[in-house]
Amino acid sequence: DGRANCCDRWPADPDPSPVDTDGDGLPDACDPDPGTKPNTLIYFDPFDVASGHWSGNNPITQSYMNIDTNGVGTASARNATDMLPLNVRVQAGLYPTSVHGNNGGDTGVFVGTSANPNQGTGVFCALTSNGGPDTLDIYRVNNGSFGVPTSQSVGPLVMGTYRMRLTHRAGMWTCEAVLGSNSPVTVTTMQTVTAPLFISFVNDNMGSHFHSVVAESALP
């Protein structure tokens, strides 16, 4: 039916009339905020095929991008093509697959003034495997320097798809993760940034699948 697989309840079964409550052109199944009509779709990549907008040798197959450090280290995918404004909500579906080494790792979404988290100012929203209670962490990043995160327990990370949202409104950032029908876990921080903003995916000592990414304006 021409719809991205991540937005389609049954990808192999054509459905010409998906539910789009807010009329923004994005079906409710993959809309970060389907009930708020003023929000505007800014960017969407379902990872059904390689768009060419993301750096790194991270294969796209079966409707996801696979990022894996394959050992202790860091791997990323950076989008320096698609620019975002302030007051934005970025959502990604994230499926952790592996943790490498004995010191834990993290996987998540960076939004900041550069597509390179080691150079930009912004926020990193991450699921972190600690070898104990695993956490959702939000890091302030200033000129590539990562600060001490604000953390909230998410229980043991499982091999399931987490819906992660990173929202910016007037200097306040909210990082949210939810697994299935569980209650969302959120952490917040204040961070001043200037537009344009860029999205990157970052893995430290971990492997994960990213099932789509969508950005839209985040209005009250």
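Select E216 and R89 to begin: both residues are buried, where buried stands for a relative accessible area under 20%, exposed for over 50%, and partly exposed for values in between, computed with a 1.4 Å probe on protein chains only. The model is a predicted one, in which local features need pLDDT of at least 70 and side-chain atom pairs count only at pLDDT 80 or more, while totals for chains, interfaces and linings use all residues. Residues are numbered from 1 along each chain as its sequence is written, and side-chain values use heavy atoms, with hydrogens and water left out.

With this pair still selected, display the distance between the side chains: E216 and R89 form a salt bridge whose closest N and O atoms are 3.2 Å apart, the term being used for a side-chain nitrogen of Lys or Arg within 4 Å of a carboxyl oxygen of Asp or Glu. E216 lies in strand β15 and R89 in strand β5 (residues 88–99), so the contact ties together parts that are 127 residues apart in sequence. Strands here are DSSP runs of E with at least two residues, and helices are runs of H or I with at least four residues, numbered from the N terminus.

How many salt bridges does the structure hold? There are three, and the next stop is a group in which R163, R165 and E176 are linked in a network. Select R163 and E176, whose closest N and O atoms are 3.0 Å apart in their salt bridge. R163 lies in strand β11 (residues 162–169) and E176 in strand β12 (residues 172–179), so this pair ties together parts that are 13 residues apart in sequence. Add R165 to the selection, and a salt bridge from E176 to R165 appears, with the closest N and O atoms 3.7 Å apart; here E176 in β12 and R165 in β11 tie together parts that are 11 residues apart in sequence. Colouring by accessibility shows E176 buried at 14% relative accessible area and R165 buried at 17%, whereas R163 is partly exposed at 29%.

Now show the backbone of β11 and β12, which pair in the antiparallel sense over eight bridges; two strands count as paired if DSSP finds at least two bridges between them. The bridge partner of R163 in β12 is V178. The hairpin formed by β11 and β12 has two residues between the strands, and A170 takes a positive phi near 50° there.

Moving on from β12 to β13, one finds six bridges joining these strands, which run antiparallel, and selecting W173 shows that W173 stands opposite T189 in β13. The hairpin of β12 and β13 has five residues between the strands, and G180 in the turn has a positive phi of about 60°.

Continue to the loop between β13 (185–190) and β14 (197–204), where P196 is found. A cis peptide bond joins A195 and P196, with omega at about 5°.

The last stops concern backbone angles. Select N70, in the loop between β3 (64–68) and β4 (74–84), where this residue has a positive phi of about 55° although it is not a glycine; N70 is exposed, with a relative accessible area of 64%. Finally, select S212 in strand β15 (residues 206–217), a residue other than glycine with a positive phi near 80°. Is S212 buried or exposed? S212 is buried, with a relative accessible area of 10%.
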